[in-house]
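Thanks, I'll keep this short. Please have the sequence and the model up, and we'll go from the whole chain down to two arginines.

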Amino acid sequence: MIYDATDWFCEKFLDPRSRMADQMVQAARSGRQNIAEGSRASATSSQTELRLMNVARASLEELLLDYEDYLRHRRLARWKPDSANAIAVRDAWRGIADRTDRTDRTDWTAPADADSRRYAVYARWLDNADPGVRANALICLINQANTLLDRQIDALETEFVAQGGYSEQQAAARLNQ
């Protein structure tokens, strides 16, 4: 979602031939692709998974700085973390994921249209005509993604120290055999 919204943001509010637009789209893409590639690599190489998660984290940090620069250079307000708008963006998904009303049987994780359903949760911010609203909403989402990646990286590092990597586990199994 961060990648798609960044692509559309750059298309609407930046010169598509500008270095900044290219950098932002590539940073968003790198974040997305490295998360996917790292998750895929987890079955065979915890070291590769950890490296790719760190690359994704760095790419999203770069993108975060670009959005902050965008707001600052245009003298647009940056939402404070405790502002009503920032809280609303942060809580939007939680309102669906943690809802107690289970009469809605929509499967939010099913592949068919899952991306568009997730995007719809944030559409009022990510499709807003005001570039400041879009940039601030994306800052909130990037911060959430970075927090989750930080937790995942910490867990991967802890697991690696405790259990070793895939290659070490295979070598131990081979020795036991």
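Read along the sequence, the pattern is α-α-α-α-α-α-α. That gives 7 helices and 0 strands. Bear in mind that this is a predicted model.

Some totals for the chain. It has 177 residues, and 38% of them are buried. Take the contacts with a separation of 6 or more: 67% of those are between residues 24 or more positions apart. The exposed surface comes to about 10900 Å², with carbon and sulfur atoms supplying 50% of it.

Now the first arginine, Arg 57. It sits in helix α3, which spans residues 46–73. Is Arg 57 buried or exposed? Its relative accessible area is 17%, under the 20% cut-off, so Arg 57 counts as buried.

What does the side chain of Arg 57 pair with? One polar contact goes to the side chain of Glu 61, at 2.8 Å. Another goes to the side chain of Asp 150, at 2.7 Å. Asp 150 also appears among the contacts of Arg 57 beyond its neighbours within four places in sequence, together with Asn 146, Leu 149 and Ile 153.

The other arginine is Arg 75. Its place is the loop between α3 and α4, the latter being residues 84–97. With a relative accessible area of 77%, over the 50% cut-off, Arg 75 is classed as exposed. Its backbone is the point to check: phi of Arg 75 is near 55°, a positive value in a residue other than glycine. Most residues other than glycine have a negative phi.

That's what I have; questions are welcome.

Note on methods. Residues numbered from 1 in each chain as written. Predicted model: local features only at pLDDT ≥ 70, side-chain atom pairs only at ≥ 80, totals over all residues. Heavy atoms only, no water. Helix = DSSP H or I, 4+ residues; strand = E, 2+ residues; numbered from the N terminus. Buried < 20%, exposed > 50% of the residue type's maximum accessible area, 1.4 Å probe, protein only. Polar contact = N/O pair within 3.5 Å; in protein donor to acceptor, adjacent residues only side chain to side chain. Contact = heavy atoms within 4.5 Å. Areas by Shrake-Rupley, 256 points an atom, 1.4 Å probe, with all protein chains shown as cover.
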